[in-house]
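Thanks for coming. I will go through charged pairs, cysteines and one pocket, in that order. Please have a look at the structure first.

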Amino acid sequence: MKNMSLNQIALACGGTYVGAKAQKSLEVSGVVIDSRKVEPGFLFIALKGERVDGHSFIPTVYAKGAACVLCEQPPEFPSGPYIQVESCLKALKSLAEYYRSTLSIPVVGISGSVGKTSTKEMIAAVLGQKYKVLKTEGNFNNEIGLPLTIFRIREEHQAAVLEMGISDFGEMTRLGRMARPNICVLTNIGLCHLENLKDRDGILRAKTEMFHEAQPGARIILNGDDDKLITLKESRSPSPCFFGLESSHDLYAKDIENLGLEGTRCTFVTKAGSFSAQIPIPGRHMVYNALAGTAVGLALNLTLEEICAGIESLTPVSGRNYLIHTKKWTILDDCYNANPVSMQASLDVLSNALGRKVAILGDMGELGENEKLLHYNVGCYAADTQVDAVFLAGNLSRETARGIEAKNPGITCRHFDTRDELLKALPLLLLKGDSVLVKASHFMEFDKIVEYLKQTGETL
């Protein structure tokens with residue numbers, strides 16, 4: 001970390017420095033909000049959470065060698081300098097915005113309704129063939145997670161790939177002010193966060209707030225097969241770069257060969273030439289992620305050989321189309337989150353599996369007033385796939401079961417009121433050799449089902 005002296009921090013967040021004058025020029029080596037992650041020389045920001053107030057940990061972080069504390073109330077017995085602010089949350093974001101302004105490396109901002117994380121991983125894998133890359137870890141993509149990710153950018157990093165997630169209007173503007181991306185990537189406009197954004201047009205408006213906060217002349221890379229994103233074709237200068245499966249786009253994929261749960265092979269056609277690559281993670285949607293990675297790679301001067309190597313080096317992230325082989329069954333762990341579009345994509349992936357195909361599905365959250373209909377529609381979609389059995393848990397998933405039973409009564413379908421009831425029944429429901437998809441919104445905690453399947457199936 002550089003250019004972050006205590007004096008500059010106080011100025012950046014409008015705080016009041018309290019401490020020895022000689023220490024005002026001291027530069028911090030990191031910024032955290034978790035007292036357990038404090039190291040000597042770090043700045044600790046005492047955020048007030050729903051359950052925990054960071055101010056109560058101030059004595060602890062001083063004892064661990066924190067260089068300074070940023071707080072809303074003066075510590076009772078400060079054993080080091082502190083900066084007092086009106087709002088620690090506001091100060092966190094102001095500080096990230098300042099730190100980003102000191103950085104000259106290219107920043108890629110990624111958003112969209114579905115596929116943000118897998119696209120982020122793909123882009124980072126591609127850029128990693130040429131640059132030292134900092135990428136968003138876990139779910140650090142919101143108004144607290146994004147600034148913490150920005151603070152992790154160090155001297156050695158040559159590029160940053162930042163995931164940006166929102167659920168309401170105005171959030172992307174605030175995220176964009178911190179990230180100031182040089183390249184903006186939007187994966188798609190689907191059905192999620194409808195409680196606040198209402199419809200896909202609302203989602204489009206909210207996501208494209210990123211463009212207004214991007215660096216001057218920023219490159220915009222969009223999924224041209226998305227009916228909402230393609231409407232931006234003539235609305236931006238410079239013109240966006242569109243990717244997809246149509247040959248009319250700036251770059252596209254052809255000769256797509258489905259390799260089942262082992263991935264996809266296809267040819268990527270760009271203005272710089274063509275190349276063939278195998279995407280090692282299953283799902284047709286991964287072709288779009290690879291196209292996004294190709295577009296970003298070309299924008300940052302990678303060769304086609306480097307881009308190909310990056311695509312083929314991709315490794316899955318737990319909870320997101322993560323393939324787990326056990327002695328009894330094959331697990332497709334996609335339980336991190338879910339919405340109707342991603343649910344359908346995962347069912348398509350499962351359809352390509354070997355053996356009996358089993359979907360273990362749960363409720364999807366934040367779908368607004370049409371949530372029951374959207375769950376029912378997912379059931380109708382599942383009924384038209386090659387899936388052999390669907391086991392569901394959750395109140396809304398009862399509608400999914402209704403959709404399956406109405407459209408295709410021949411599919412084995414069982415619904416349970418709770419995840420735990422489903423979990424107890426699994427030994428009688430699953431057969432050796434099954435390929436099992438596990439997917440639900442994060443609040444359903446279906447990771448517990450994945451862990452059970454790994455243990456009982458004896459992971460290889």
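Is Asp434 buried or exposed? Before I answer, note that this is a predicted model. Asp434 is buried, because its relative accessible area is 1%, and buried here means under 20%. Its partner is Arg356: the two side chains meet in a salt bridge, at 2.8 Å from N to O. Arg356 sits in the loop between helix H12 (340-351) and strand E17 (357-362), and Asp434 in the loop between helix H15 (419-429) and strand E20 (435-439), so the salt bridge ties together parts 78 residues apart in sequence. Arg356 itself counts as partly exposed, at 23% relative accessibility.

Side chains of opposite charge can pair when their charged atoms come close. How many salt bridges does the structure hold? The count is 23.

Take Glu121 and Lys135, whose closest N and O atoms are 2.7 Å apart in a salt bridge. Glu121 belongs to helix H4 (residues 116-127) and Lys135 to strand E7 (residues 133-135), with their positions 14 residues apart in the chain. Glu121 counts as buried at 10% relative accessibility, while Lys135 counts as partly exposed at 23%.

Another pair is Asp226 with Arg200, at 3.7 Å from N to O. This one links the loop between strand E10 (219-223) and strand E11 (241-244), where Asp226 lies, to helix H8 (residues 200-207), which holds Arg200; the two are 26 residues apart. Asp226 is buried, with 7% relative accessible area. There is also a network of salt bridges, and it links Glu97, Arg177, Arg180 and Glu213.

Now the cysteines. The disulfide count is 0. Why does Cys241 form no bond with Cys184? Cys184 holds the closest cysteine sulfur, but that sulfur is 13 Å from the one in Cys241, which is too far for a bond; the cut-off is 2.5 Å. For Cys308 the closest cysteine sulfur is in Cys266, at 10.0 Å, again too far. Both Cys241, at 11% relative accessibility, and Cys308, at 14%, count as buried.

Last, the second largest pocket. About 830 Å³ of space lies in it. Its lining has 29 residues, and Ile33, Asp34, Lys37, Phe140 and Leu148 lie nearest the centre. Strand E2 (30-32), strand E3 (42-45) and helix H5 (145-151) each give two or more residues to that lining, and H5 gives the most, with 4. What is the lining made of, by class? It has 13 nonpolar, 8 polar and 8 charged residues.

That is the end of my part.

Technical notes
Residues are numbered from 1 along each chain as its sequence is written. This is a predicted model: local features need pLDDT of at least 70, side-chain atom pairs count only at pLDDT 80 or more; totals for chains, interfaces and linings use all residues. Side-chain values use heavy atoms; hydrogens and water are left out. On a 1 Å grid over the protein atoms alone, a cavity is a set of points where a 1.4 Å probe fits but cannot get out, and a pocket is an open set with protein on both sides within 12 Å along at least five of seven lines; lining residues have an atom within 4 Å of a point. Grid points are joined across faces, edges and corners, and a volume is the space filled by probe spheres set on the points. Ala, Val, Leu, Ile, Met, Phe, Trp, Tyr, Cys and Pro count as nonpolar, Asp, Glu, Lys and Arg as charged, and the others, Gly among them, as polar. Buried means under 20% relative accessible area, exposed over 50%, partly exposed in between (1.4 Å probe, protein chains only). A salt bridge is a side-chain nitrogen of Lys or Arg within 4 Å of a carboxyl oxygen of Asp or Glu.
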